[in-house]
Amino acid sequence: MQPGGVLETAVYAEDLAAAEAFYGGLLGLEPVLREPGRHVFFRCGAGMLLVFDPGATANPPAPGSRLPVPPHGARGPGHLCFRASAAELEDWTARLAAAGVAIEADFRWPNGARSVYVRDPAGNSVEFAEPRLWGLD
């Protein structure tokens, strides 16, 4: 038995407004839930991107909390990768560059798949890559 896929992935950002402008504004992800000072969540295809303030999620839930999510978080830059076709990679590269987002790396892997890397406002490594990077459709 194994999990059927990744339902959600999380990155951490102290400035949630900047994260929302990047992921929601520039990348066009649909925000679906916000809690000021704690998180903003986005729909991304069949999954979810969760952006948490690491200081807020490091705290345990209050006794008797309705949602007893255990403490979690990370410090320093994280990483996430968005799926993109070859044509979409061209469009993303142009859109990001036009918005003043520096392309940190743009290369082909040994199997021929292309990856483009940028940084979000919190310094997280954000990759756009062809699914064939991992032998996926």
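Q: What makes the set of 24 residues a nonpolar core, and which residues have the most contacts inside it?
A: In this predicted model, the largest nonpolar core has 24 residues, and those with the most contacts inside it are Tyr23, Leu27, Leu49, Val51, Phe82 and Phe128. The name applies because such a set must consist of buried residues of nonpolar kinds, including Leu, Val, Phe and Tyr, that are joined through side-chain atoms within 4.5 Å. Nonpolar side chains tend to be buried together in soluble globular proteins.

Q: Which elements give two or more residues to this core, and which gives the largest share?
A: Two or more residues come from each of helix 1 (16–26), strand 3 (39–44), strand 4 (47–52), strand 5, helix 3 (86–98), strand 7 and strand 8. The largest share, 5 residues, is that of helix 1. A second, separate core of 5 residues includes Tyr12, Met48, Leu50 and Phe52.

Q: Which residues is Leu27 in contact with, leaving aside its neighbours within four places in sequence?
A: With those neighbours set aside, Leu27 is in contact with Phe22, Phe82, Trp92, Leu96 and Phe128. Each of these counts as a contact because heavy atoms lie within 4.5 Å.

Q: What makes strand 8 mostly covered?
A: Strand 8 spans residues 125–129, and 5 of its 5 residues are buried. Each of them is called buried because its relative accessible area is under 20%. Ser125, Glu127 and Ala129 point one way from the strand, while Val126 and Phe128 point the other way, and all are buried. In a regular strand the side chains alternate between the two faces of the sheet.

Q: How do you know that strand 8 pairs with strand 5 and with strand 7?
A: Strand 5 (residues 79–83) and strand 8 share 5 bridges in the parallel sense, and strand 7 (residues 114–119) and strand 8 share 5 bridges in the antiparallel sense. Both count as pairs because at least two bridges are needed between two strands. On the strand 5 side, Arg83 has Ala129 as its bridge partner in strand 8. On the strand 7 side, the partner of Val116 is Phe128, and that of Val118 is Val126. The hairpin of strand 7 and strand 8 has 5 residues between the strands, and there Gly123 takes a positive phi near 95°.

Q: Why are strand 5 and strand 6 said to stand at the edges?
A: The open sheet that holds them has 4 strands in the order 5-8-7-6, with mixed pairing. Strand 5 and strand 6 (105–108) each have a single partner strand, so one side of each is left without a neighbour in the sheet. Neighbouring strands of this sheet are turned by 20° against each other on average, direction ignored. Helix 3 packs on the sheet, touching strand 5, strand 6, strand 7 and strand 8, and its direction makes about 25° with that of strand 7.

Q: What makes strand 1 and strand 2 the edges of their sheet?
A: That open sheet has 4 strands in the order 1-4-3-2, again with mixed pairing. Strand 1 (8–12) and strand 2 (30–35) each have a single partner strand, so one side of each is without a neighbour in the sheet. The twist averages 20° from one strand to the next. Strand 2 and strand 3 pair in the antiparallel sense over 5 bridges, and Pro31 has Phe42 as its bridge partner in strand 3. Helix 1 lies across strand 1, strand 2, strand 3 and strand 4, running at about 10° to strand 3.

Q: Why is Glu90 called partly exposed?
A: Glu90, which is found in helix 3, has a relative accessibility of 47%, and therefore counts as partly exposed, because that class lies between the limits of 20% for buried and 50% for exposed.

Q: What makes the pairing of the Glu90 and Arg114 side chains a polar contact?
A: The side chains of Glu90 and Arg114 are joined at 2.6 Å, and the term applies because the N or O atoms of such a pair must lie within 3.5 Å. The C-alpha atoms of Glu90 and Val116, 26 residues apart along the chain, are separated by 9.6 Å.

Q: Which residues does the UniProt record assign to the feature "domain: VOC"?
A: The unreviewed UniProt entry places this feature at residues 5–131. Over residues 5–131 the chain is 22% helix and 34% strand.

Note on methods: Residues numbered from 1 in each chain as written. Predicted model: local features only at pLDDT ≥ 70, side-chain atom pairs only at ≥ 80, totals over all residues. Heavy atoms only, no water. Buried < 20%, exposed > 50% of the residue type's maximum accessible area, 1.4 Å probe, protein only. Polar contact = N/O pair within 3.5 Å; in protein donor to acceptor, adjacent residues only side chain to side chain. UniProt positions renumbered as here; feature names shortened; annotations may be inferred. Axes fitted to C-alpha atoms, helices over the stretch in contact; angles between N-to-C directions.
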